[in-house]
Amino acid sequence: MKAFLRAPTLRGYVSIFILFSGIINIIAAVTHYSIPEEMEEGSVVANLATDLGLDVRSLIERKMRIDVLANRKYLDINKGTGELFITEKIDREYLCPSKTTNSCFLKLDATIESPVRMFNIELEILDINDNAPQFRRDTMHLDISESAAAGERFSLNNAVDSDIGINSIKTYYLSESEHFAIEIQAGRDGSKFADLILKRALNREEQAAHKLILTAVDGGVPARSGTAVIIVRVLDTNDNAPQFDEERYIVNLTENSPIGSLVVKLNATDLDEGTNSEIVYSYSLYTSEKTQETFNLNPKTGEIRIQDTINYEDLRVYDMEVIAKDKGANSLSGQCKITILVTDVNDNHPEISIKSFQSTVREDVHVDTVIAVVSVTDKDSGENGNIDIHISDLLPFALKESSDSYYELVVSEPLDREKVPEYAITITVTDRGSPQLSDNETITLELLDVNDNVPQFPQSSYTIPVMENNAPGALLSSLSAFDPDLHENQYLVYFIIEKEIVNTSMSMLFSINPENGNLYALKTFDYEIEKEFLFHIEARDSGVPPLSSNVSVHIVITDQNDNAPLIVSPWRAHGSVVEEKIPRSTDKGTLIAKVIAIDTDSTQNSRITYQFLQNTDATLFSLDQFNGEIRTMRMFSYRDARHQRLVVIAKDNGEPALSATVTIKLSTVETALKAYSDMTEVPLEYDIFSDLNLYLVIGLGSVSFLLLITILVTIVLKCQRPKPSKAAPPSRNSVISERNSTIADSTLVSNDAYWYSLFLAETRKGKLVVRQPVPKGTRYIVSSIPRSTGLTETSDSAASTLQVGKLYYYFSSSIQF
């Protein structure tokens, strides 16, 4: 077939013509082809490149393609040869199902690029005789009465053919029969159908059925055909009436017979055949409506069954008349009579009737309130009619008899909607017959809510930790309460019970969402100023009257390491360096300086350790990391530098750690100054200068008055001090001064009970330490020991004040000679 299609004779079978309607820049003329349907895949339709005047060698570069139609690509182009070939078989009947026109076209678009051009291709699909005629039904049934006259016409189902034109149905043929023939008719659309003609009268007794073959043939070459079977059934003439087996039936039936039970099965026969022998049973007009409602008669089988309750007390005897009728054209009928005798049993259930009922009541309804009134009845008599009534003992209700067969349902216990919001009350009645029969009725009682429950918080109190430096507006906690009531009795409103702290209202510090109980902070808290707050939150429902409850809230401010250590000794002006002079003859272990730092944070955040950041000679000085004391590790040698620079860092134990530094410049001098031994806790002692010392002083003064003047001037200059500033105390907290006057150094050490002030003093005989406990928040006193007296004087003048948070430390000192 493929070789045939590729041969030159294909030009003679496929008509090709090209319509030129003008050339535009992109869209070319319509190219028309005609092919028969059902061509094999790969069959060549035409050389499209030649017909369109395209260079075959450029088809690949110009990306020539054929558009897909309805997701099915029937044709494609061979870019190597330019031939248009079939990729899928084309079914004309599928593509063009309508038979209103004989034309069927497949329109495609061929597109190439560089430059872009589009060609319209119109492919006409020609019909071939590939479909045989088919009848809608393979078997046709006809019922013809034996009384039908010759020449009577009967319609037959026509055949259909999907092909068109000459390939469609041409004629019909009927198998040989002495009783029947066909007559072919043509419709307006050219379709053909056949009518069956009765040539000779039928006789059912001779032949009850006739089988005919109807054949439809089309006009194609070669011709195709389809067949259908015609079965003619000969209908009998209705000349026999139905007859019952008996003319009268008597049946005994107990009143406890279940619904659907068979009472009697009637049987009538008809000597005719077909529809003339088919019998339909029905009640006659002499049968009462009550009987017809009680018993069901099956019209096809003649079975009589119970369809309603049989009650001996209502009716004891049922009479009925049944008619049997055939289905002939002129139907005939027969009849019989049935008598049903009912015997009495306990077949009536007790009945409950709700006369009055309140479906909703308030949960605070009083005991003995009537909820419903019911009545009970039983159609039976004697013991079968005696009734017992009861409800569940677990329900808070009771039944009280008000009159004959009437009972009241009353409240027997207090109700609580929060425990049981709804009751399903089943009332059961039972007679005393044998067997016992019972009935029940369930009523649903809904309790209406009453505002009888106060809002409840999950906790009796709340302790909420809040880190200091919190963001204003931050959510602290959700203090949601629960109210088991409903609707407006359940809707809660939250608010803060007003309480003033230092003339500040709680509503200025905290805010609570009135709808959900979310507690927010309105300001940023500082642990060093405010450590805790205690107030109450109230939750109030919207009932009438409203109920409320409150809960205590304890806000605990937790410390954050937000304060760096502050070095208070040795004190130096901002940005300056502490300079001290020490004799080169200083002994090993001598206290050179003491760094004191304080931190206003608490616990770990306030624990300070000291370290050297810079030490000119690591072998010369040591630093105690806990008390900040700087001592000599050895004596000075001639190789040691005259100037030593020490940088000490005081670091707290917070996370992250904060720190402060101090720089101490030490200069060594040749003057022999008294060294200081380790501080020891000894009683305060002093003595009066001896006579020998006094004579030496007088001698020195007499020998050199000029030297005395020099010493006095030096003392006056040293006593002169700059005016105290707010940032620094008035005196230098140095361990050793250039002159031999009394000097003092102070240290603050924190524990849980006291602030201690340590004082280092020098006397003529030696050194001593005075330890003096000072309570928190008060000022400590620096004492000095005069040379000339044995009395210790204490200065209480607050020369400068160091304020950290709300604690004030007052430093003062007085020096007397």
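How many bridges join strand β37 to strand β42, and do the two run parallel or antiparallel? In this predicted model, strand β37 (residues 492–497) is joined to strand β42 (residues 532–541) by 6 bridges, and the pair is antiparallel. Within this pairing, Ile-497 lies opposite His-536 of β42. Strand β42 is also joined to strand β43 (residues 548–558), through 9 bridges and again in antiparallel orientation. Here His-536 faces Ser-552 of β43. The connection from β42 to β43 is a hairpin of 6 residues.

The largest nonpolar core comprises 28 residues, of which Val-45, Leu-48, Met-64, Leu-75 and Leu-123 touch the most other members. Two or more residues of this core come from each of β2 (27–36), β3 (44–47), α3 (48–52), β5 (75–77), β6 (83–86), β7 (105–112) and β8 (117–126). A second core, separate from this one, contains 26 residues, including Leu-509, Tyr-527, Val-551 and Ile-557. When neighbours within four places in sequence are set aside, the contacts of Leu-75 include Val-45, Ile-66, Leu-84, Phe-85, Ile-86 and Thr-87. Leu-75 is likewise in contact with Ile-90, Leu-106, Leu-108 and Leu-123.

A search of the whole structure identified 1 disulfide. This link is formed by Cys-96 and Cys-104, whose sulfur atoms are 1.9 Å apart. The link is right-handed, with 75° about the S-S bond, and both Cys-96 and Cys-104 are buried. Cys-336 is likewise classed as buried, because its relative accessibility is 2%, below the 20% cut-off.

Methods: Residues numbered from 1 in each chain as written. Predicted model: local features only at pLDDT ≥ 70, side-chain atom pairs only at ≥ 80, totals over all residues. Heavy atoms only, no water. Core = buried A, V, L, I, M, F, W, Y, C linked by side-chain atoms within 4.5 Å. Buried < 20%, exposed > 50% of the residue type's maximum accessible area, 1.4 Å probe, protein only. Helix = DSSP H or I, 4+ residues; strand = E, 2+ residues; numbered from the N terminus. Contact = heavy atoms within 4.5 Å. Disulfide = S-S within 2.5 Å. Pairing = 2+ DSSP bridges.
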